[in-house]
Amino acid sequence: MKIAWCITGAGHFLKESYEVFRAIKKEIKITTFISNAGVEVLRMYGIFDKLKEISSGDYMEEIFMEKEQGSSSPKAGRFSLKKYDAVVLSPATSNTVAKIAYGIADSLVTNVVSLATKACIPVYIVPTDGSPGKVESEMPYSIDRDKCRGCDDCEPRDKCERGAIYGAPIPQIDLLRCDGCALCRELCPYDAINGGVVEIKAREIDIRNVDVLRKMEGIIILERPEHFFFFYKKENLC
Ligand SMILES: Cc1cc2nc3c(=O)[nH]c(=O)nc-3n(C[C@H](O)[C@H](O)[C@H](O)COP(=O)(O)O)c2cc1C
């Protein structure tokens with residue numbers, strides 16, 4: 001049995017999605033499809049390298065990145081050939097959800113969903129903004145300007161292997177360079193570098209778009225990544 005797992009550029013549910021991916025990956029083959037924003041955000045949270053470590057790169061266990069897939073996403077053709085039993089899109093950004101809701105297929109992940117549904121392959125989607133009310137979401141690393149002492153010899157800045165920390169006296173983090181390794185957090189004696197948790201409220205338009213997806217044939221909306229375990233066992237995908 002084979003699964004295609006799509007990852008978009010969301011911090012919310014990202015770690016949870018990775019944990020479910022990792023558990024299932026021990027049993028079956030998974031091909032990963034990642035949006036451009038997905039690659040950036042995976043790096044910021046320190047998960048990109050972990051994902052690469054557990055993906056062999058062999059046939060059906062590759063990682064396909066949007067930036068390498070041109071505009072027509074040829075690897076999405078595998079869905080027309082019915083090479084997969086299910087698609088999981090987790091986490092799904094509001095952006096990608098909106099595109100799917102309006103039938104747009106202009107990116108790697110939206111192409112995967114489009115071709116999978118046309119081939120009657122079930123698509124399980126975990127949207128980040130699916131229900132009303134606030135949710136707590138973990139942020140990537142940033143400098144706490146109240147705690148930072150603006151040291152002349154800022155070890156986190158000087159020792160960051162990716163040169164992601166710049167500026168003085170109070171430095172900043174260039175998240176597009178950061179790979180979430182957490183070295184800076186360990187090096188700062190004043191505990192001024194952290195991710196932190198923020199409260200986010202879903203927009204009405206995003207909730208409406210998720211409702212549109214709920215009514216689409218072949219799409220199953222899940223509230224959380226862990227809920228996929230239920231379908232995985234029930235549908236005997238393993
Ligand atoms: C650190 C970080 C976390 C983000 N988390 C979310 C999120 O949880 N949900 C969301 O809809 N967008 C989130 N975004 C914004 C998306 O990455 C952005 O809308 C992007 O254009 C989505 O592109 P994609 O749908 O092709 O992946 C986040 C961006 C950053 C930098």
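Buried area is the accessible area (1.4 Å probe) that two parts lose on being put together, summed over both. The model is predicted: local features need pLDDT of at least 70, side-chain atom pairs count only at pLDDT 80 or more, and totals for chains, interfaces and linings use all residues. Residues are numbered from 1 along each chain as its sequence is written, and side-chain values use heavy atoms, without hydrogens and water.

**Exercise 1.** Describe the interface between domain 1 and domain 2.

Solution.
- Set the bounds. Domain 1 covers 2–132 + 202–234, and domain 2 covers 140–195; such bounds come from an automatic or database domain assignment.
- Place the domains. Their C-alpha centres are 32 Å apart.
- Count contacts (heavy atoms within 4.5 Å). Domain 1 uses 6 residues, domain 2 uses 7.
- Take the area. About 550 Å² is buried between the domains, with 62% from carbon and sulfur atoms.
- Find the main contributors. On the domain 1 side, R43, M44 and Y45 give 76% of the area buried against domain 2, more than any other three residues.

**Exercise 2.** Classify how helix 5 and helix 6 cross.

Solution.
- Locate the helices (DSSP runs of H or I, at least four residues, numbered from the N terminus). Helix 5 spans residues 94–101 and helix 6 residues 108–118.
- Read the geometry. The axes, lines fitted to C-alpha atoms over the stretch in contact, give angles from 0 to 180 degrees between N-to-C directions. Here they come within 10 Å and cross at roughly 40 degrees.
- Apply the classes: under 35 degrees is roughly parallel, over 145 roughly antiparallel, 65 to 115 roughly perpendicular, the rest oblique. The pair is therefore oblique.
- List the contact residues. Helix 5 brings T96, K99 and I100; helix 6 brings V109, T110 and V113.

Technical notes
Helices (H or I, at least four residues) and strands (E, at least two) are DSSP runs, numbered from the N terminus.
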